[in-house]
Each structure stands twice: as C-alpha cells, then as structure tokens.
Amino acid sequence: MVDFLAENNLCGQAVLRIVSRGNAIIAELLRLSEFIPAVFRLKDKSDQQKYGDIICDFSYFKGPEYYDSKLEAKPDLQDLDDEFRENNLEILSRFYLAFESVHKYIVDLTRYLDDLYEGVYIQQTLETVLLNEDGKQLLCEALYLYGVMLLVIDQKMEGEVRERMLVSYYRYSAARSSADSNLDDICKLLRSTGYSSQSGAKRPANYPESYFQRVPISSTFISMVIGRLRSDDIYNQVSAYPLPEHRSTALANQAAMLYVCLYFIPSILQTQQAKMREIVDKYFPDNWVISVYMGITVNLVEAWEPYKAAKIALNYTLDSANIREQASRYSVSMEGLRPQIQQLLKEGFLREEIVLDNVPKLLNCLRDCNVSIRWLMLHTADSAYDPNNKRLRQIKEQVINDSKYNPKILFQVLLDTAQFEFTLKEMFKKMLSEKQLKWESYRAEGSERMTELAEVFSGVKPLTRVEKNENLQAWFREISKQIESLNYEDSTAAGRKTVQLIQALVEVQEFHQLESNLQVCQFLADTRKFLHQMIRTINIKEEVLITMQIVGDLSYAWQIIDSFTSIMQESIRVNPSMVTKLRATFLKLASALDLPLLRINQANSPDLLSVSQFYSGELVTYVRKVLQIIPESMFTSLAKIIKLQIHAIMEVPTRLDKDKLKDYAQLGARYEVAKLTHAISIFTEGILMMKTTLVGIIKVDPKQLLEDGIRKELVRRVAYALHKGLIFNPKAKTSELMPKLKEMAATMDGFYRSFEYIQDYVSIYGLKIWQEEVSRIINYNVEQECNSFLRTKIQDWQSVYQSTHIPIPKFPAVDESATFIGRLCREILRITDPKATCYMDQLNTWYDLKTHQEVTNNRLFSEIQDTLGTFGLNGLDRLLCFMMVKELQNFLSVFQKTILRDKAMVDVFKAMLSAVNPVKGIVANASKGYANAVAKTQKIWGPYLESIMKVGQMQILRQQIANELNYSCKFDSKHLAAALENLNKSHLPSPVLYDVDLHYNPAPVLYVVDLHYKPIYITTKRLPYFPIVNFLFIIAQLPKLQYSKNQGMTCRKATDPVDWSPLVLGLLTLLKQFHSRYTEQFLALIGQFIRSIMEQCTSQKIPDMPSDVVGALMFLEDYVRYTKLPRKVAEAHVPSFIFDEFRTVL
C-alpha cells in the first residue's frame, strides 16, 4: 500500500493539508488577539458615549433599519461612523478572514469525511484511515485542533467584542452584498457564548459543549476518534518512557487531545462512568492539570465540575492520600536529582567514553528530571487554580506543602537539566557525525597491531627474546585480515564478529603463555581496546537523540515560564554569567515550536514561515524581557555615577597647587565610580557570553540584544521623564514653562552625559543611539498628538516610529493633550495668547497687556532646543501647522455657514461693493460710508478677529522656531549650513528676469529654514464677497489701535485687546489660501480707503493724517515687509506722496 503521507496519496494529502491549516489558524488567532482595537471593548465611559451608537452587537441584526435610520438622522454621527470605518476596516478585515478560516476549516473537514464515506478516495474508508498510523494521528488532530480553535477564540477574544467586530465588518464591507458570502454561518458559529476569561466569572450552562455543537460533525467520526484516543498509544510515546510511573507523562499530549475531543460527545462526561473511569485510570491517575496547546493550561477539577461521571472518576485521583503520595514522590525525586545532575555538569565529567558506557543511565536521569519538573510546574502554576474556588485552593496548598515546593530550587533544576540536555545533545551530534571515521580509524589501528605481531613471530623483526613461531605468525596475519574485513555498513554482523575477535585475543594470550612477554601483552591489550571502541562507536544511534527530543519537550511551559521571570532576573542580577545557562533553557523552550510546525512542514505549506516567525518572535520577545534586567541594572548604576560626577567629584583645574592635591583626589568618590563602572562592564560581559543563538528561526545576536535592551531602557526612562516633567498647571500665577524646561534640560543632560560615559565600557555608539531614540520618542509623540487632527488615525502598529522590540511607552492623557508635546505647545499658546499679551516684533518679546511686564521672549525657543533638541522644535512646528489647518478650516466653515447665510450682512456687502466701484476711483463722503458699513457688520467681527489672531500667533511661533533652528544650524554645523545655503542660491533663479507677480514663489531645493508666511495650508473654493469682508474687518479693527514711535502699533484699551503682529500675519496667511486676485482686490480696497479719506481731509483742510490712515498704511508697509515683495505692490494702489507724508509722521 502507498505510504499514507506520500505526495501521490490524495486521501492522506487532503487531511494533512487540513491539519496543517488548523495549526496556522491557531497561530493567526493568537497573533491577532494582541491587536484587538481597545474601542471594541467599550470599557471607558468616554468610549461608550462617543461610539455607543455606531458599535453594536448582534442585536443589530434584529432591526438594522432602526440603527441605520438613527445614524442618518445625525450628520455628525455619520461623520464619526465614516471616520471609524476608515480607521478600522483594515484590522476588521484581518479578523474577519481569521474567523472565516475557522468556519472554512470545519466545513472542509466535514466535506473530507463525506468524501471518505462516499468512497471518493479509492480503497479508503474512515476505518482503513484509522487503522493506518499516520491516518489515525491526523484524524484525531483534525478534530482536536477545531476544538482548540474554538477555545482559543473564546479565551482570547470576549464574545461581545467578537460580535461588535463582526457587526462592524458586516456594516462596512462589501461582503454583505456578495451572494457567496458565508457571513451568516460565521456569525452563528462565533456568537457570544457568555464565557469570560476573567477570574471569578461564572461559567455559562452547557459550556463548552453547546458551543462545540454549533456546526454539526459526524457522530460516528467523533466516537471512533475518541475510541482510538482511549485505547491506542497513537504517537508511540511509551517506548521513550519505559518506566510505568512515567506513563501519564508519555501520554500527556494524547490526554490533552482526548480532553478537548470529549466535549464533542458530552454524554461520556455526564453519564458513562465506566468509560470515564478507564480514561482517568489510564491518563489522569496522578495528574489533574494539563497543557492543552502551546502552554494553555486547564485544571480538570474545575473543567469537569459540571459533569457527573467525569467528576466521580476524577475523585480517586483527587483523594488527599493520592495527592500526598504523588507530591511526596516528586519531592524525594527532586532531592535526589539535584546533586546528581550537578555532579554530571562538573567540568570534564561528561567525557565521550563515560557517555557511551552510560547512555541508559543518563537517559533515565533526564527522564526523571523532566517528568518531575513537568509535574511540579503544572500542579503549582497560579494560572491553573482559580483563587476564588475553595477546593482548588486547598488542593494547591496541599501540593505545595507535601512537595516542599520551592520555585527557586525548581528553576535551578530546570536550568541544570536544560544545560545537561544541551551538552549531551551536542556531544551526541558530534559523535554521530564522526562515527564512521572513528570506527574506521580504530579498525585500521587494530589491524596494524596484529600485522606487527605477526612480523614479530616471524623472527625477522627484533623484539627481545621472542622465538620464531610460524603458527602464531599465520594466526595473527589471519586476525589482521579478519579485522580489516569488518564492514561498517553491516553493523550487526560486524558487531557480532568483533565480540568473537576480542574473545580469540583473550584466549591466545592464555593458551600460548604469552603473558611472560609484556610487549606482546601490551599489543594484544591495545588491539582489544580498539575492538571495544569499535563496538561502542557502532552502537551510537540516532534513536538516542530522538528520545532526548521527546523527553525534553517543554511546550507545556510556554506560558507558565513567565511566572519564573523574576527569579531568572534576580539570579542574573546577582551573577550575570547565569545568562549562559539560561541560553540552554531558551533553546529547550524553542523545542515547543516542533508541535505546531510539524504538520505545516510535512504539508509543504507556505504558512511555515509566518507561523514559525510568530512563535519564534514570541519566544525572542520573552528572552528580551528576561534579559532586560541587565540594561535596567546598568541604568541604576549609571544614575549613581552621574550623581557622583555632578555633585561629588570636583573638576580638576589645569594648574593645581601641590598642597591642594589631596582635596581634589577624592579617592572615596572616585573608587565608588570605578566600582559602579566595573559592575556595568560585568553585566555587559554577562550578556555577551550568550553566543549567537538560533531561537526557532530567529537568530539572536547577544550584542544586538544588549544594544536593543539599552535602547529600550533609555526610551522608557526618557519617555517617562518627558511625560512627568512637562505637565503644567494652567491656573498658576506665573507660568511654570521656563522653570520646568530648565529642569527638564538638566535631566536630559544627565541622561546624555551618562550615555557618553558608558559607551566605551559597553562598546556601543552612544551618540548615535541617543539621537535615534530621542528623535523616535519625540516624533512618535508628535504623531500621536497630530492624530487628534486627522480623520484617518495612525495606529501604533502602522507607526514608523513605534517598535515591538523597543516600544515607546504610552501614558494616559493628563488634559486635552494626548502627549507631552501637546501640553508644551498648548502652554506656549496659552502664555502668548494675543488677547492677554502684546508682541513686540523688534524685540521678539511678548508683554502682558495689563501689567506691561515681559511674559516671555525668544530665549524660550533656545530653552526648548536645549531640552528637546532639533527634533522637539521640528515636532512643535509640525503640530502648530496642524493646529493652523484646523483653525483655518473652522474659520471657513463659520464664514460659509454664518456670514454668507445672514441676508442682512450680504446686503451690506452688496451695497458696499456698489459704493466702492470703480476701485481705481475715490469714494464720495468716505468716512461716513465706511463707518456705516463697519457699524452694520460689527456683530460678526468678534469670532473673526479671534480666529485670525490665533493663526497669526501660530505664525509668529513658527517664525521663532525657524529662527532658532537656523541659528543653531549655523552654529552647530556651519559647513553643512553653508553648503545648503549655496545649493539653494544656485538653484533659485535670478529675480530680475521676472516681473513682480504675486503667485511667483520659487521653492528652495532644501530648507535650512522656510519663511512660514507663504505656505498653503488648506484647499479652498471661491467665496463671494471675500475681499470686501476682509477689508471691512481690517478697517473695523483700526480704531482700536494707536501708533507710537517707540512701540509701533499698539492696542488702545487693554479691555478691548487687538495685537497688531498676529492680526497682520493672520490676515496675510488667510489671503494666501485663496487665489491671488482676492489679495489684489483687497489691497486695492485698502488703497482706495487711504486715498478717499486723504481726499476728504484735504478738502476739509484737516492738517494731520487721520490715525485710521496711519494704521492702513502701516498695514501695507508690514504686508510688503512680511511677504518680501517689492514696494511697487503697495505703490500701485497708494500714490508715493502719501507714503512720503506718512514717513514724516513716523
């Protein structure tokens, strides 16, 4: 018969593909369980209020029209719904595909069973497949994996969350409309079971059997699978565990499969006492905590509580005398094994001949160790006992007391066992690879000795007092030929013959009285030794390695091992060289990957890479977590070093008096620094002792591990310092901004100096790491802060700045800002608020409107540069851009919805437009006409002014940031700055060739700094009356301002605040968002206003220039100055003699 797993056996390949896919689906479910968007849990009140109406569970299907009509009634809800869809559809699709694959899996399995039943596979029926060893294993696994999938889904993704995700996917995706969609079936299979993985949660009735029966499966198939699992040793594991006490460990994997499959026929658990008694006697006579799949543990006491027959059968195992007997047995076993294994691990003890002579003993020792570790780890695991269950608490206490359980000793034995196993495996692999070479060299040596002896007895070769003996000569020649003829390939015959040859050599020594000649004896003894070595060598079999692999399985501890993390870290802290022993433990844990990958590999499935990457990645993450103690300890020592360097050790001057030498020596403090530095280098040495290791399929380089660990610890500490250090109290009388920035700068400098100090002792690029990580922290926080302005948010898993190995911690928000960069930005905006301060452009300083005290100046930005560096300033700049965009968008929506919809206002604008036509002319009765229009539109200017001043304020801040960056760039890297400047100049065309055109804006190739008044922030449509509205706005503000020679344009009354610079810059930025002809019309209107008022003054013989005209001319002057346009732009609308007169006023 063709091999069941052969490529041309369709029946075997079909079920193998199903099982392979089952393992891959479980890995995907476990992977996705880490990425459930928090919003679907609706834990916070804020989430419930915000998303409660758009996230529904399956109640949605009772009346989808009701929910949809509710959405359509509220435009803002619709908007939120669209935004939610854009942000979550990608991850929802991934979850849906995983859920769909679970349903497809069971449909495919059922179809396969139908095909077997209908005879699609020639000569194969369910019975014949179950008689085949591989077929039996695969069919049992197929059912078991389906059960595991359902359990994993319920454990890792709560029922309500699943329902909400499925409903959201149904609403947002096109799947609902496609005819071949099986969304209904998936919803039926995965609807909430009522189960909760929280401790103390009540178990739903008939759970999980009712959940397992949602998709019907052939009952014949289930009962036959359970029959096989009950009676056979389907994986032939008992051969690896010959001792009867180890039988339950040998059958542990099968027991886990049986546990899951029994839920498909709950009647066995409920009523069939004889079968349950048989199952418990065979699989659970001495254990009640099992590992179901990749370390998911289950306590049968709790799991079988609702089932009568199962509970009665298990009571024999849970009898307190039996528990005491098992626990005491393992306690005694541990006491004996610990010294034994430490003896075996002593340097030089495990030599080749000892290993070859004692293979059975060594394997028995390994079995005992692994069985004891397994039992104690599982039966004392916290995850296996619900603390709210009194009976479980009592059992656990009894186990701990009777087994004298000490986690540190257990962990030590695990370490030693892993190390012993690793050493033994490596020795065996080496011996196997050299087996044939060694055997042949021993054969050659033995044959040579015999030939030499033959020559001795020929009487030709001089050997003292040996007489010629032709018989012996011929006999030794024959023996030499016999040894030469031994064949390595036929090991059984060669072994038998070798034993006979050894016997013959013993006999020849006795019968021919050759003992008297020591040299001949020596030759014979050597040959016998070589023949013995040949027998030993031929007996090195691969089966030993396979047995070690089976016995050393640690997959049950995939999750429990986490409870030993603190012990591991403590032992590393005390003795960093412990890392080498841990390496063997991690490799032992990596053997757990064989379980899910075996079938995927056999099926040549493309999932092999992604599944092995997932599990290897999980393991490497755990390795990093354990070894993170090294960087943590290093940083603790570093903090002490920095404290000593800053506060205790004095700087030694270049010239020093001899008598002061002792004061500056400070031997105590310097000794302390040296001691701490030594400790740091010892830690480094510890981690580097762990050689490059292949964990699963991921290569772990200790140097990289160390660097990543240092980066992680640095990121954690710096991020925490920034989060804590930049929290401001908005109610404080004087702003806390400068003091907090100074304090923060000192903290950052401490980190920086400590890093600079340590880099040589740890052999890393300190400055590179520092710059990369600090920039990543700041950029990530800027990105998160900007998310609040974005419709499509950037999730953590999409962010280029976030990393799984070196994660940037996320802290809960303290106020409206999500991060420290938002708090800093809003605090700067608060203290430079144009309603409370006045900005002096020439001094780059803000003054308080009421007290006239200085609030802050451009030193603020140097301080931010010192604290957060260039990245910080750049991030602030980016955040201000987002804020500006939002402000401009709000402004436009107000303009369209309130101003243009107010009929009275529109009438005023129309009248004004007809009054000022043509713009080149002069308005009759100007002051009255303008004043009337301003008075009629007064009510709209309040919010208008606020918006424009906010935009202007942000522009000023951006300009200050640009100046600071430009200055520090020229200071810190003058060559780069000069090169960049020249490059820009060489690429910018000569302005002489161009006529003055307001749209022309040649862009520099590379920005050292851009002048921020030019960029376009938003896209806009045509707006009617836009120039006239802005013109009326500016002349409405002019009466609130006055001109003084020292300060320029300032506010007349502190109660009615208008700040000139933000006003001009805000208006300029707003106009820049529209077509340039709006700006030209606006400037023309201002020019007409100046000409008309001046005309009126001349006719009325008023000698002084009116203050409104001074203000309007100042506006034009500043407009030209800020936009860097030629003067012709202003003089096109205002005659130059008016400008000349204006200068005499200045």
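Q: How do the residues of the lining of the second largest cavity divide into nonpolar, polar and charged?
A: In this predicted model, the lining of the second largest cavity divides into 4 nonpolar, 3 polar and 3 charged residues. The lining is made by Arg624, Leu627, Gln628, Pro631, Ile687, Leu705, Asp708, Gly709, Lys712 and His805, and the volume that they line is about 70 Å³.

Q: Which elements give two or more residues to the lining of the second largest cavity?
A: Those elements are helix 29 (607-627) and helix 33 (702-725), and helix 33 supplies the largest share, with 4 residues.

Q: How is empty space in a structure found, and how many cavities of 30 Å³ or more does this structure hold?
A: The general idea is that a probe the size of a water molecule, rolled over the atoms, shows where empty space is left. In this structure there are 5 cavities of 30 Å³ or more, and the largest cavity has a volume of about 140 Å³. Of the 17 residues that line the largest cavity, Ser248, Thr249, Ala252, Asn287 and Arg374 are the closest to its centre.

Q: Which elements each supply at least two residues of the lining of the largest cavity, and how do the residues of that lining divide?
A: At least two residues each come from helix 11 (247-250), helix 12 (252-262), strand 1 (289-291) and helix 19 (359-379), with helix 19 giving the largest share, 5 residues. By class, the lining of the largest cavity divides into 10 nonpolar, 5 polar and 2 charged residues.

Q: How should I read the crossing of helix 36 and helix 37?
A: Angles of 65 to 115 degrees between axes count as roughly perpendicular. Here the axes of helix 36 (residues 820-831) and helix 37 (residues 859-899) come within 10 Å and cross at roughly 90°, and the two helices are therefore roughly perpendicular to each other. On the side of helix 36 the contact is made by Phe820, Ile821, Gly822, Leu824, Cys825, Arg826, Ile828 and Leu829, and on the side of helix 37 by residues including Leu860, Ile864, Gly872 and Met883. The residues of this contact divide into 13 nonpolar, 2 polar and 1 charged.

Q: In what sense do strand 8 and strand 9 pair, and over how many bridges?
A: As a general idea, side chains in a regular strand alternate between the two faces of the sheet. In this structure, strand 8 (residues 1041-1044) and strand 9 (residues 1048-1051) pair in the antiparallel sense over 4 bridges, and they form a hairpin with 3 residues between them. Ser1044 has Gly1048 as its bridge partner in strand 9.

How values were computed
Residues are numbered from 1 along each chain as its sequence is written. This is a predicted model: local features need pLDDT of at least 70, side-chain atom pairs count only at pLDDT 80 or more; totals for chains, interfaces and linings use all residues. Side-chain values use heavy atoms; hydrogens and water are left out. Axes are lines fitted to C-alpha atoms, for helices over the stretch in contact, and angles run from 0 to 180 degrees between N-to-C directions. Angles under 35 degrees count as roughly parallel, over 145 as roughly antiparallel, 65 to 115 as roughly perpendicular and the rest as oblique. Contact means heavy atoms within 4.5 Å. Ala, Val, Leu, Ile, Met, Phe, Trp, Tyr, Cys and Pro count as nonpolar, Asp, Glu, Lys and Arg as charged, and the others, Gly among them, as polar. Two strands pair if DSSP finds at least two bridges between them. On a 1 Å grid over the protein atoms alone, a cavity is a set of points where a 1.4 Å probe fits but cannot get out, and a pocket is an open set with protein on both sides within 12 Å along at least five of seven lines; lining residues have an atom within 4 Å of a point. Grid points are joined across faces, edges and corners, and a volume is the space filled by probe spheres set on the points.
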